[in-house]
Amino acid sequence: MSSTPSATAIDHGATYSDLLIIQGAIVFFLQVGFVSLEVGYGRSKNVKNILLKNTVNILLCAICWWAVGYAFSYGSSTDGFIGTSGFFHDGGLGAAKLWFYSWTFCLSTVTIVSGCLAERTSLVAYPVFTVLMASWVHPVVVHWAWSRDSWLLGISSECRFLDFAGGTVVHICGGMMGLVGAALVGPRIGRFEEGRAKELPGHDVSSVAIGTLFLWFGWFGFNCGSAYVYMGNMAAAAAEAAASAVASGDTSADVYASAAAAVSAAVTSGANATLHPGSTPADRVALNMTLCASVSGLTALLLSSLRSGTVDLCVCCNSLLAGLVMSTPACGFITSWAAVIYGLVAAALYMGGTRMLVRFHVDDPLESSAIHFGCGGVGTLLLALLARPTYVQELTGYDCGGLVYGGRKGAILLGLQLLGIAAITAWTAFFSVLVFYLLRRLGRLRVDQVTELAGLDNMEHGGPAYPEFNLVPYNTGSAER
């Protein structure tokens, strides 16, 4: 490892650019994309249900993250397992912009699960798993992957587990809970008949396309914003090393302290030109995620059209999203040619993953579990092959990289990546099975057959979202109608 102390996702003593507020707002805009995508893939009889549950999830997630989630994630570590300080956040764990930015990540994780369960899940199930995810499952995973004192980051002094912006923390966590939930709630009526899959097309493909582009926009805040977090951490680490050198009487300490101050000033202004004239890590992130999404979308569209004889817009949109997910754990640590490889792998994973869902009769209306769990996991694992050592050292302080760059440390990184993926998958799967199984046993997981066939809007929300096109009489729901 280099002499610079290791950087982590959030250092309470670091000075972060105010750009994090803007980047957090851009990440929050992912919710517009998620809702638009889910509405488009859903049928018109369930639109109000989709809109309501996603809005309520946002409100609940904010309260849970303020009360306990942020503290469990970034509070003082207890045995490297969980944070135990800073509950009911009031600035004790850093500036509020750090809370805001990390909250948008938690919110994205919860929303992934919501899409997997659409159109047949009881409304009461959503707040239950939202509270569990935002208050316990996701925060513990964040602590493991991104807290300086966690057990996962403390295993090796030569290398560390790498997850740039949430391949495991967001996408494996959300995708695994969504997969378990979709399997336990069962398929929508008519999705699988006599052992064969039947398409249940959504009502508005334009919402799917628009939602996909909104998501792509929001993803720039997700990944590029994370670069500013790493830059702030490294500036704090350099300042810490300079202070230690001064205390020890190092003759070069003044020079090193001046350099650290320059780094800190550069980060505060939202630039990093002191370290990389004319370029910042955020530039590399934007390039890599754009390449990965573009290659994935075009590859899957081409392969799908050759196989089916039609050019499917939904395949293009979903494979593009698969590329964005694939880039999330890696885009700050890899070169542009590696991003192209990531895009090709993302297309293959998307096409193979969706076929596996059908084979096992798992009904995921948005194919979210295949996209997020599959691509998030493999994207994290491929860092053991393709992470460039200079980029890893630049952003984390550890001089290690992937196997293609040679050296013994690539094997260490491979072991760390496998361990991290396995631990986070097992943790999420355990609590996912627990919560959805209990909901099913209590009869609170799925709506009854009449409600599902008539539409959740008609039976639970006072009437349809498009009343002028409604063909189902409704006289239940709000007494004010």
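A residue is called buried when its relative accessible area is under 20%, exposed when that area is over 50%, and partly exposed in between, as computed with a 1.4 Å probe on protein chains only. By this criterion asparagine 46 is buried, its relative accessible area being 0%. The model is predicted, so local features need pLDDT of at least 70 and side-chain atom pairs count only at pLDDT 80 or more, while totals for chains, interfaces and linings use all residues. Residues are numbered from 1 along each chain as its sequence is written, and side-chain values use heavy atoms, with hydrogens and water left out.

Asparagine 46 occupies the loop between helix H2 (30-41) and helix H3 (47-74). Helices (H or I, at least four residues) and strands (E, at least two) are DSSP runs numbered from the N terminus. Apart from neighbours within four places in sequence, asparagine 46 is in contact with Glu119, Gly455, Leu456 and Asp457, where contact means heavy atoms within 4.5 Å.

Glu119 leads on to the salt bridges, each defined as a side-chain nitrogen of Lys or Arg within 4 Å of a carboxyl oxygen of Asp or Glu. The count by this rule is 9 salt bridges. One of them joins the side chains of glutamate 119 and arginine 188, at 2.6 Å from N to O. Glutamate 119 lies in the loop between helix H4 (96-116) and H5, and arginine 188 in the loop between H6 and strand S3 (192-193), so that distant parts of the chain, 69 residues apart, are linked. Both partners are buried: glutamate 119 has a relative accessible area of 1%, and arginine 188 one of 4%.

Arginine 188 also forms a salt bridge with aspartate 363, the closest N and O atoms lying 2.8 Å apart. Because aspartate 363 is in the loop between helix H11 (336-359) and helix H12 (368-381), this pair ties together parts that are 175 residues apart in sequence. Aspartate 363 is buried at 1% relative accessibility.

A disulfide, taken as a pair of cysteine sulfur atoms within 2.5 Å, occurs between cysteine 159 and cysteine 400, whose sulfur atoms are 2.1 Å apart. The link is right-handed, with 65° about the S-S bond. Cysteine 159 lies in the loop between helix H5 (125-146) and helix H6 (167-185) and cysteine 400 in the loop between helix H14 (389-396) and helix H15 (409-441), so the bond connects parts that are 241 residues apart in sequence. Cysteine 159 and cysteine 400 are both buried.
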